[in-house]
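Hi,

Here is the structure I promised to pass on. Have a look first, and my notes on what turned up are underneath.

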Amino acid sequence: AIARYPSYSDFFALAADPEFQQGAEHKDAGVETSSVIVTNRIVDAPPAAELPAGDAPVVLFELYSHPGEGTLDRPDSLTAYLDGIEPLVTANGGVALGTYEVVGTLIGDGREWDEGHLWYFPDQASLDALLEDPELAELSSARDEELEDLYELTLDGITIEPMGREP
(Lines give C-alpha, C1' and ligand atoms only; values in the text may rest on other atoms or scores of the structure.)
Protein backbone atom coordinates (compact mmCIF):
# COMPACT_ATOMS: atom_id res chain seq x y z
CA ALA A 1 0.00 0.00 0.00
CA ILE A 2 1.09 3.55 -0.58
CA ALA A 3 -0.11 6.01 2.03
CA ARG A 4 0.32 9.77 2.18
CA TYR A 5 0.55 11.53 5.52
CA PRO A 6 0.15 15.31 5.81
CA SER A 7 3.55 15.57 7.52
CA TYR A 8 6.31 13.50 9.10
CA SER A 9 5.06 14.47 12.56
CA ASP A 10 1.57 13.16 11.71
CA PHE A 11 3.06 9.84 10.63
CA PHE A 12 5.06 9.49 13.85
CA ALA A 13 2.08 10.58 15.96
CA LEU A 14 -0.02 7.82 14.37
CA ALA A 15 2.71 5.23 14.95
CA ALA A 16 2.88 6.23 18.65
CA ASP A 17 -0.90 6.24 19.18
CA PRO A 18 -1.93 3.51 21.70
CA GLU A 19 -4.98 2.51 19.61
CA PHE A 20 -2.74 2.04 16.60
CA GLN A 21 -0.32 0.01 18.70
CA GLN A 22 -3.12 -2.35 19.85
CA GLY A 23 -3.12 -3.89 16.38
CA ALA A 24 0.66 -4.26 16.43
CA GLU A 25 0.59 -8.08 16.47
CA HIS A 26 -1.16 -8.17 13.10
CA LYS A 27 0.86 -5.27 11.74
CA ASP A 28 4.13 -6.92 12.79
CA ALA A 29 3.19 -10.07 10.89
CA GLY A 30 2.51 -8.02 7.77
CA VAL A 31 5.61 -5.89 8.18
CA GLU A 32 7.96 -8.90 8.33
CA THR A 33 8.13 -8.81 4.55
CA SER A 34 7.30 -5.13 4.04
CA SER A 35 9.26 -1.94 3.67
CA VAL A 36 8.33 1.51 4.91
CA ILE A 37 10.08 4.10 2.79
CA VAL A 38 9.79 7.82 3.56
CA THR A 39 9.69 10.03 0.47
CA ASN A 40 9.19 13.59 -0.72
CA ARG A 41 6.95 13.98 -3.74
CA ILE A 42 8.92 15.82 -6.42
CA VAL A 43 6.43 15.70 -9.30
CA ASP A 44 2.71 15.70 -8.54
CA ALA A 45 0.22 13.31 -10.04
CA PRO A 46 -2.52 14.68 -12.25
CA PRO A 47 -5.90 15.09 -10.53
CA ALA A 48 -7.74 11.77 -10.17
CA ALA A 49 -10.53 13.00 -12.46
CA GLU A 50 -7.99 13.52 -15.28
CA LEU A 51 -6.56 9.98 -15.24
CA PRO A 52 -7.33 7.79 -18.27
CA ALA A 53 -10.59 5.91 -17.72
CA GLY A 54 -10.39 2.18 -17.26
CA ASP A 55 -12.28 -0.68 -15.66
CA ALA A 56 -9.21 -2.27 -14.07
CA PRO A 57 -6.41 0.30 -13.63
CA VAL A 58 -2.90 -0.84 -12.80
CA VAL A 59 0.19 1.02 -11.61
CA LEU A 60 3.81 0.19 -12.31
CA PHE A 61 5.92 1.14 -9.30
CA GLU A 62 9.67 1.46 -9.87
CA LEU A 63 12.17 2.07 -7.06
CA TYR A 64 15.82 2.83 -7.89
CA SER A 65 19.11 2.80 -6.04
CA HIS A 66 21.96 4.45 -7.90
CA PRO A 67 25.45 5.87 -7.27
CA GLY A 68 24.16 9.44 -6.91
CA GLU A 69 21.91 10.82 -4.20
CA GLY A 70 18.26 11.48 -4.88
CA THR A 71 16.67 12.78 -8.03
CA LEU A 72 19.17 15.58 -8.74
CA ASP A 73 22.26 13.36 -8.84
CA ARG A 74 21.11 10.41 -10.94
CA PRO A 75 23.16 8.59 -13.60
CA ASP A 76 22.76 9.79 -17.18
CA SER A 77 21.31 6.43 -18.24
CA LEU A 78 18.51 6.76 -15.65
CA THR A 79 17.76 10.29 -16.85
CA ALA A 80 17.63 8.97 -20.43
CA TYR A 81 15.34 6.13 -19.31
CA LEU A 82 12.94 8.52 -17.53
CA ASP A 83 12.96 10.95 -20.46
CA GLY A 84 12.25 8.04 -22.82
CA ILE A 85 9.66 6.10 -20.82
CA GLU A 86 7.26 9.00 -20.34
CA PRO A 87 6.31 9.34 -24.05
CA LEU A 88 6.12 5.53 -24.30
CA VAL A 89 3.76 5.44 -21.30
CA THR A 90 1.60 8.13 -22.92
CA ALA A 91 1.59 6.32 -26.27
CA ASN A 92 0.29 3.22 -24.50
CA GLY A 93 -2.55 5.03 -22.74
CA GLY A 94 -0.79 5.65 -19.42
CA VAL A 95 0.37 8.65 -17.45
CA ALA A 96 3.13 9.49 -14.98
CA LEU A 97 1.50 9.28 -11.54
CA GLY A 98 4.32 10.71 -9.45
CA THR A 99 8.04 11.09 -8.81
CA TYR A 100 9.37 10.62 -5.30
CA GLU A 101 12.76 11.26 -3.75
CA VAL A 102 13.58 8.80 -0.97
CA VAL A 103 14.39 10.43 2.36
CA GLY A 104 15.03 7.18 4.21
CA THR A 105 13.80 3.71 5.06
CA LEU A 106 12.04 3.14 8.39
CA ILE A 107 11.53 -0.60 7.86
CA GLY A 108 13.33 -2.58 5.20
CA ASP A 109 15.80 -5.26 4.27
CA GLY A 110 18.93 -3.10 4.44
CA ARG A 111 18.83 -1.79 0.88
CA GLU A 112 19.09 1.96 0.35
CA TRP A 113 16.91 3.69 -2.25
CA ASP A 114 17.19 7.03 -4.03
CA GLU A 115 13.95 7.58 -5.92
CA GLY A 116 10.64 6.05 -6.95
CA HIS A 117 8.26 6.52 -9.86
CA LEU A 118 4.63 5.52 -10.41
CA TRP A 119 3.15 4.95 -13.87
CA TYR A 120 -0.66 4.63 -14.17
CA PHE A 121 -2.44 2.58 -16.86
CA PRO A 122 -6.18 2.16 -17.43
CA ASP A 123 -5.78 -1.64 -17.73
CA GLN A 124 -3.25 -4.47 -17.79
CA ALA A 125 -3.24 -4.62 -21.62
CA SER A 126 -1.95 -1.03 -21.78
CA LEU A 127 0.87 -1.82 -19.33
CA ASP A 128 1.68 -5.05 -21.20
CA ALA A 129 1.98 -3.08 -24.46
CA LEU A 130 4.52 -0.79 -22.79
CA LEU A 131 6.49 -3.68 -21.31
CA GLU A 132 6.66 -5.39 -24.74
CA ASP A 133 7.92 -2.25 -26.51
CA PRO A 134 11.45 -2.82 -27.91
CA GLU A 135 12.35 0.82 -27.25
CA LEU A 136 11.61 0.33 -23.54
CA ALA A 137 13.79 -2.78 -23.50
CA GLU A 138 16.69 -0.77 -24.92
CA LEU A 139 16.23 2.08 -22.42
CA SER A 140 15.94 -0.42 -19.53
CA SER A 141 19.09 -2.27 -20.51
CA ALA A 142 21.19 0.92 -20.50
CA ARG A 143 19.58 2.04 -17.22
CA ASP A 144 20.22 -1.27 -15.49
CA GLU A 145 23.96 -1.12 -16.18
CA GLU A 146 24.34 1.89 -13.86
CA LEU A 147 21.76 1.09 -11.17
CA GLU A 148 22.85 -0.42 -7.89
CA ASP A 149 19.40 -1.93 -7.32
CA LEU A 150 15.93 -1.91 -8.86
CA TYR A 151 12.56 -2.94 -7.46
CA GLU A 152 9.51 -3.10 -9.72
CA LEU A 153 5.99 -3.94 -8.67
CA THR A 154 2.68 -3.96 -10.52
CA LEU A 155 -0.24 -2.83 -8.39
CA ASP A 156 -3.70 -3.88 -9.53
CA GLY A 157 -7.15 -3.41 -8.06
CA ILE A 158 -6.26 0.17 -7.23
CA THR A 159 -8.43 3.18 -6.64
CA ILE A 160 -7.04 6.66 -7.08
CA GLU A 161 -8.88 9.24 -5.04
CA PRO A 162 -8.36 12.97 -4.64
CA MET A 163 -6.12 13.61 -1.64
CA GLY A 164 -7.56 16.98 -0.66
CA ARG A 165 -4.32 18.84 -1.13
CA GLU A 166 -3.31 22.07 -2.76
CA PRO A 167 -1.25 21.58 -5.93
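What percentage of the 167 residues of the protein count as buried? The figure comes to 32%. Before you read on, please keep in mind that this is a predicted model.

**The overall layout**

The protein has 6 helices and 5 strands. Reading from the N terminus, the order of the elements is α-α-α-β-β-α-β-β-α-α-β. If you take the contacts with a separation of 6 or more, 82% of them are between residues 24 or more positions apart. Several of the pairs below are examples of residues far apart along the chain.

**Two helices side by side**

Helix H4 covers residues 76-91 and helix H6 covers residues 134-146; the two pack with their axes 8 Å apart, at an angle of about 155 degrees. Since angles over 145 degrees count as roughly antiparallel, that is the label for H4 relative to H6. The crossing of H4 past H6 is left-handed.

As for who does the touching, H4 contributes Asp-76, Ser-77, Leu-78, Ala-80, Tyr-81, Gly-84, Ile-85 and Leu-88. From H6 come Glu-135, Leu-136, Leu-139, Ser-140, Ala-142, Arg-143 and Glu-146. Sorted by class, that contact has 8 nonpolar, 3 polar and 4 charged residues. Arg-143 turns up again in the next part.

**Salt bridges**

How many salt bridges does a search of the whole structure find? There are 4, and I'll go through some of them here.

Start with Glu-115 and Arg-74, whose closest N and O atoms are 2.6 Å apart. Glu-115 sits in strand S4 (residues 115-121), while Arg-74 is in the loop between strand S2 (58-65) and H4, so this salt bridge ties together parts that are 41 residues apart in sequence. The partners have unlike surroundings: Glu-115 counts as buried because its relative accessibility is 0%, whereas Arg-74, at 22%, counts as partly exposed.

Another one joins Arg-111 to Asp-149, with 3.3 Å between the closest N and O atoms. This pair also links distant parts of the chain, 38 residues apart: Arg-111 belongs to the loop between strand S3 (95-107) and S4, and Asp-149 to strand S5 (residues 149-156). Here Arg-111 is partly exposed, at 33% relative accessibility, and Asp-149 is partly exposed too, with a relative accessible area of 22%.

Then there is Arg-143 with Asp-144, a salt bridge at 2.7 Å, N to O. Is Arg-143 buried or partly exposed? Buried, because its relative accessibility is 2%; Asp-144, at 38%, counts as partly exposed. The pair is also part of something wider, as Glu-62, Arg-143 and Asp-144 are linked in a network of salt bridges. So for Arg-143, we have a residue that takes part in the contact between H4 and H6 and in that network, which means it is worth pulling up on screen with its 2% relative accessibility in mind.

**A few single residues**

Val-95 lies in strand S3 and is partly exposed, with 22% relative accessibility. Setting aside neighbours within four places in sequence, Val-95 is in contact with Pro-46, Leu-51, Pro-52, Val-89, Leu-118, Trp-119 and Tyr-120. Pro-122 is 27 residues from Val-95 in sequence, and the C-alpha to C-alpha distance is 9.2 Å.

Gly-157 is in the segment after S5. At 74% relative accessibility, Gly-157 counts as exposed. How many residues apart in sequence are Gly-157 and Val-58? The answer is 99, with 6.9 Å between them in space, C-alpha to C-alpha.

Finally, Ala-125 is in helix H5, which spans residues 124-131. Ala-125 counts as exposed, its relative accessibility being 55%. Along the chain, Ala-125 and Gly-93 are 32 residues apart, and their C-alpha atoms are separated by 9.7 Å.

That's everything from my side.

Cheers

Technical notes: Residues are numbered from 1 along each chain as its sequence is written. This is a predicted model: local features need pLDDT of at least 70, side-chain atom pairs count only at pLDDT 80 or more; totals for chains, interfaces and linings use all residues. Side-chain values use heavy atoms; hydrogens and water are left out. Axes are lines fitted to C-alpha atoms, for helices over the stretch in contact, and angles run from 0 to 180 degrees between N-to-C directions. Helices (H or I, at least four residues) and strands (E, at least two) are DSSP runs, numbered from the N terminus. Angles under 35 degrees count as roughly parallel, over 145 as roughly antiparallel, 65 to 115 as roughly perpendicular and the rest as oblique. A crossing is left-handed if the near helix is turned anticlockwise from the far one by less than a right angle, and right-handed if clockwise. Contact means heavy atoms within 4.5 Å. Ala, Val, Leu, Ile, Met, Phe, Trp, Tyr, Cys and Pro count as nonpolar, Asp, Glu, Lys and Arg as charged, and the others, Gly among them, as polar. A salt bridge is a side-chain nitrogen of Lys or Arg within 4 Å of a carboxyl oxygen of Asp or Glu. Buried means under 20% relative accessible area, exposed over 50%, partly exposed in between (1.4 Å probe, protein chains only).
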